[in-house]
Amino acid sequence: MTALLSPFLVPSFGNDGAIRPGAWFRADDPAETPVEGSLKGWDYGVDLRFSRTIHIDIPRLRSEAGLGADAEARLTVTWHTERGYASGERAFRAEIPLSGSSATTVQPFVDVTGSRLAGDVVLTTHLVLSVPGQKSVAMAPRRPGSVLWTDSTVVSLEGTGARVPIVVVDFREMFAPFEADAAWTVQISTDWKELHPSVAFQVLLNSRRESMVAALRNPQPGEHERAMRSMLFFDVGRQLIRHSLADEDFGLDARYPDDSLGSSMIRRIKSLFPNKTVEEIRSWAAHEADSFERYLQSSHRLMKGTRE
Amino acid sequence: MKRFLFPRLQATEATTIFARFAGKDLPTIARAADGAMGHPRVTYAAVGGERIPISKLEEIQAGIRRIAGECGYPGRRTLQGQQKLDTALGKYLHSEAGLIVGEALRSDVWQYLCAVLVPDVVVWRWRGADEDREVKAVRYLGGARNSLGRLWLRAEMFRDDRLSDPWLLHDELNEDNFVGILERSRFARFPAGCREVARAFLLRRDAAKALEDVANPAQLLVREAMLRITRLGAFVSFASLDEGELAAVVGETFDLALKSIGGVPEREAQLLTYHPELRRQTIVRRPVSPSHEIGASMLVGAETGETAGKDFYAMNPDERSRAVWEAVIGQPAMVTHELIETAADGMRKRGQVSYERLRRDGVLYTAIAHAIDSGLKVGWFISPARGQRQAVVTGNAPIPSWLWARELKRVVEESGNQICEQEVPRAVVETVFRLAGVQARSSDHLERVQTRIDEWKRAGVLAAEGGYLATGPGIENLPPVIWWGR
C-alpha cells in the first residue's frame, strides 16, 4: 500500500481506516485465497479474473477528505504488465456518490487477457475524486482524477520452475487421419542433447480432447483432472528417458551445455537410477521391460499426485 | 491472423552475435542470417501457443528486408529513408508479423529478431555502409531503444481506432515526439493517455510551428506539456479518467504549455475545423443482450432503447433512471428489492453493467435504487402499493412495440393456441396497459393489435382456423422480443 504525500486532504486507509481494502483473489477460486507472489499455471491462453472487496466508510471518507455530500468518488482498477515493455489498461470503474450516510462495499472484478501479459501483472486500485461538488473545504481535492487512495499488487505469472513445453493443436491438421484421435504426442528434436529443453522437445496436445486440455488449464483441478495430468506427465517423463537410453551417443559422462536437455536428462537419470551405469540401465529396459516400467511408474509416483 | 510463440535469445548471446559482425560488410551479415533462424541457443515459452514455423520466420525476414529495400537498403541511408523505414516497419511488425502481444512485450524476443533474423537491417539502419562504425548494444538488446521493438511499441500505443484513419497519430509523430511521450514510463504504460497526448499535440502543432525565435518549437511543446503531465501525475490518476475527462485535462495542459512558449491557444472546436481528421468517432459498445438479433425483425420493430450500448456507470442521473426504466418496463409491480434485482439483471443482459453477486450494500444496488427514486419524481415509476414499484409509460410517450409483440405472442400461447381471434386485441391491450401502467384506452390500440395479428398471419407466425388463433410455424423465426428486461 502506498502512503500518499498529497497536496490535499486524503482519507485514512487500512484495518482502522475509512477505506479498508481486502486482498486480491482469483475470481474462480471459491476459497478466495489471496493472490500473492506468483501464480501457477498461467500461459498466454489463460485469461485471468481477479476480485477483491473494498469497504468504504462514506461519511468518514467525506469528513477526512473535506468533501461535501454533493461530491462523487470513483473507484478504478488498472492492470499492466511490466516485464519488458509496459502495457495495460483500465479494467474496472465504479462511481461512488458521497451522499450516503453509511458504509458501502465495492467488489471489482477485473478481467485480464492472458495473451497481453508478459510474465507478470500489476493490479492497481485507485479511489479518485470524480465530481468535486460545491460543499468541500478549502484543503479538499478539487481536480477530477485526484487520487484519494491507491494500492498496487504485483503477481508474477511464470515462477522460476521449469515447465514442460506443451502446445495445443488440432491433430487432424497435423497427422494422418488414423492418428487424429490421439490424446498427445511427444516430439523430440534430433539434436535434443545440445538444445534448451524449451526447444529440444515439445508435447503436442490434441485440441479435440477437450477434457484433457481443460484438465491442464484448470487452476484448481479435481481428482479426475489430477489423474489425467499425472498420466500425461508420467508418459512425457517416461518417453524422454526411453529416448535418451535409445540414443547411442547419450552417456552419463558426456558433456552438454549447462542448460540443455542433454544435461537435464543426465541429472534426471542419475537421480532415478543411482549407482547404475547407462549400460546397466539400458539392459534393464531392454530385457526386463515390465520390471523397468513398474519402476518408472513407481519413481514417477504415477497417479499419486507428484505433479499436482 | 494467426499468432505464434517466437524464439527468444538471451542478451549475452545477442551481444556475442553482434560482436562477430564488427567490421563485416552488409552482404556478409545478411548471408550469416540467412538460414540461421534455428539458432542453437534460442528458447521458447514452454506453453501458451504454437511455435512459429521456420517458414513464417523466413517470411518475416523477407518482409522486413523488402520494406527496408523500399527505404534504401542496402544502399546509402538518408534521413527520409530512415523515417520511412521506422513508420512502415512499425505497422508491419504490429499487424503482419503474427506476434502475440505478450511476446512482443518481451526483450528476449526482440533480441532474437535483431540479432538472428535481420541483423543486416539493424546494422544498416544504425551504421550504414560504414564498416568501422559500431552498432550500439541498445539497438539490439531489449528496451526502449531496440531497433525493432520500439517500432512495434509505437504502433501498439498510437494506433487509434477512434480516428477515421487509425494510423494517423502513428504516421504523423516523429522520432523526437515518440521519445518525448514514451520516455514518461509511468504515464506511457496506458495507450489511452498516449493517444490523447498525440492528438492534443497534433491539433496544436501548427500553432507551435508558427512561433518565431523559438528553436524546434513543436518538440518544445511536447516537452513542456509532458513535464506538466508528469507533475500532475504525482497526484492525478490519468488512467482513472474517462475519455472526455482525459481529453479535457490533456488539452488544457497543452494549452498551458503552448502559452508558456509564446503561443496562443484556441478552442478545441476551432482546432478541429483545421484538422477534422483528428475528430474522435464515438465507439459504441454493442450490447451483449439479444438486442443485436432484432435487426432482422420487421415484425416487431427495432427499438433498443435510448441507453442501449452505454455503460451504466458512465451515465448521468437522468440516463441512469432511463436505463433502469428500459430494463424493467413491461414488468408487473413488484417490491423494490425485486425490482432492483430485475433491473440489474436486465442491464447486465444489455451489457450495461457487470457483476457477480448483487450486494444490497453495494454500489450498483445503491445506484439503481437512486435511479428508481429519481424516476419516481418524474413519473417513470409509480408506487401502486406500499413498498412496491413499477415502471410505467408516461404522458403521450409510445408504448414500446416489442411489448405489444411479446404480449400478443404470450396471449396466444397461454390460451393453449385456442383463442377466439376477436378476443385477442382486447386481451392484449388490457395486458399491455396494465404492464405499462397506462389507464386510457382507445379503439386505435385495438386496431393496431389487429393489424399486427394480420401481419403475423401473413408471415406464418400465427395461424387462423375457424375464427381461432394458434401459433404458426413462423413463430420459430420470430426473433427474441424480450430485449429490455426479462
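Contact, in these exercises, means heavy atoms within 4.5 Å. The structure is a predicted model, and each exercise below is followed by its solution in steps.

**Exercise 1. Determine how far helix 7 of chain B is buried, and find which helices of chain B its buried residues pack against.**

Step 1. Helix 7 of chain B covers residues 119–127, and nine of its nine residues are buried, so this helix is largely enclosed by the rest of the structure.

Step 2. The residues in question are B:Pro119, B:Asp120, B:Val121, B:Val122, B:Val123, B:Trp124, B:Arg125, B:Trp126 and B:Arg127.

Step 3. Their packing partners in chain B are helix 1 (11–20), helix 2 (26–33), helix 3 (54–70) and helix 4 (79–95), together with helix 6 and helix 8.

Step 4. For the setting of this helix, note that chain B holds 20 helices and six strands, and that 52% of its 486 residues count as buried. When contacts in chain B between residues at least 6 apart in sequence are considered, 71% of them join residues at least 24 apart.

**Exercise 2. Describe the contact between chain B and chain A, beginning with its area and ending with the classes of residue on the side of chain B.**

Step 1. About 4600 Å² is buried between chain B and chain A, and carbon and sulfur atoms give 53% of that area. The residues taking part number 54 from chain B and 60 from chain A.

Step 2. Within the area that chain B buries against chain A, B:Arg51, B:Leu105 and B:Phe235 supply 14%, which is more than any other three residues.

Step 3. Six salt bridges are counted between chain B and chain A, and 24 residue pairs are in polar contact between them, both residues being at pLDDT 80 or more. In a salt bridge between the two chains, the side chain of B:Glu156 meets that of A:Arg116, with 3.7 Å from N to O.

Step 4. On the side of chain B that touches chain A, at least two residues each come from helix 5 (101–104), helix 6 (107–117), helix 8 (149–158) and helix 13 (243–260) of chain B. Helix 8 of chain B gives the most to this side, with five residues.

Step 5. Sorted by class, this side of chain B has 25 nonpolar, eleven polar and 18 charged residues.

**Exercise 3. Follow the salt bridge between B:Arg199 and B:Glu268, and place it in its network.**

Step 1. Side chains of opposite charge can pair when their charged atoms come close. The side chains of B:Arg199 and B:Glu268 meet at 2.8 Å, N to O.

Step 2. This pair links distant parts of the chain, since B:Arg199 lies in helix 11 (residues 191–209) of chain B and B:Glu268 in helix 14 (residues 268–274) of chain B, 69 residues apart.

Step 3. B:Arg199 has 2% relative accessibility and therefore counts as buried, whereas B:Glu268, with a relative accessible area of 26%, is partly exposed.

Step 4. Through salt bridges that share partners, B:Arg199 and B:Glu268 belong to one network with B:Asp160, B:Arg162, B:Glu196, B:Glu243 and B:Arg280.

**Exercise 4. Work out how the salt-bridge partners A:Arg238 and A:Asp235 are placed along their helix, and whether each is buried or partly exposed.**

Step 1. The salt bridge between A:Arg238 and A:Asp235 spans 3.2 Å from N to O.

Step 2. Both residues are in helix 5 (residues 223–246) of chain A, and because they are three residues apart there, about one helical turn separates them.

Step 3. The cut-off for buried is under 20% relative accessible area. A:Asp235, at 13%, is therefore buried, while A:Arg238, at 22%, counts as partly exposed.

**Exercise 5. Locate A:Ala65 and list its contacts beyond its neighbours within four places in sequence.**

Step 1. A:Ala65 is in helix 1 (residues 58–65) of chain A, and its relative accessibility is 0%, so A:Ala65 counts as buried.

Step 2. With neighbours within four places in sequence left aside, A:Ala65 is in contact with A:Leu9, A:Val10, A:Pro11, A:Ala140 and A:Pro141.

Step 3. One of these partners, A:Leu9, is 56 residues away from A:Ala65 in sequence, yet their C-alpha atoms are 4.7 Å apart in space.

Methods
Residues numbered from 1 in each chain as written. Chains lettered and ligands numbered in written order. Predicted model: local features only at pLDDT ≥ 70, side-chain atom pairs only at ≥ 80, totals over all residues. Heavy atoms only, no water. Buried < 20%, exposed > 50% of the residue type's maximum accessible area, 1.4 Å probe, protein only. Buried area = accessible area lost by both parts, 1.4 Å probe. Salt bridge = Lys/Arg side-chain N within 4 Å of Asp/Glu carboxyl O. Polar contact = N/O pair within 3.5 Å; in protein donor to acceptor, adjacent residues only side chain to side chain. Nonpolar A, V, L, I, M, F, W, Y, C, P; charged D, E, K, R; others polar.
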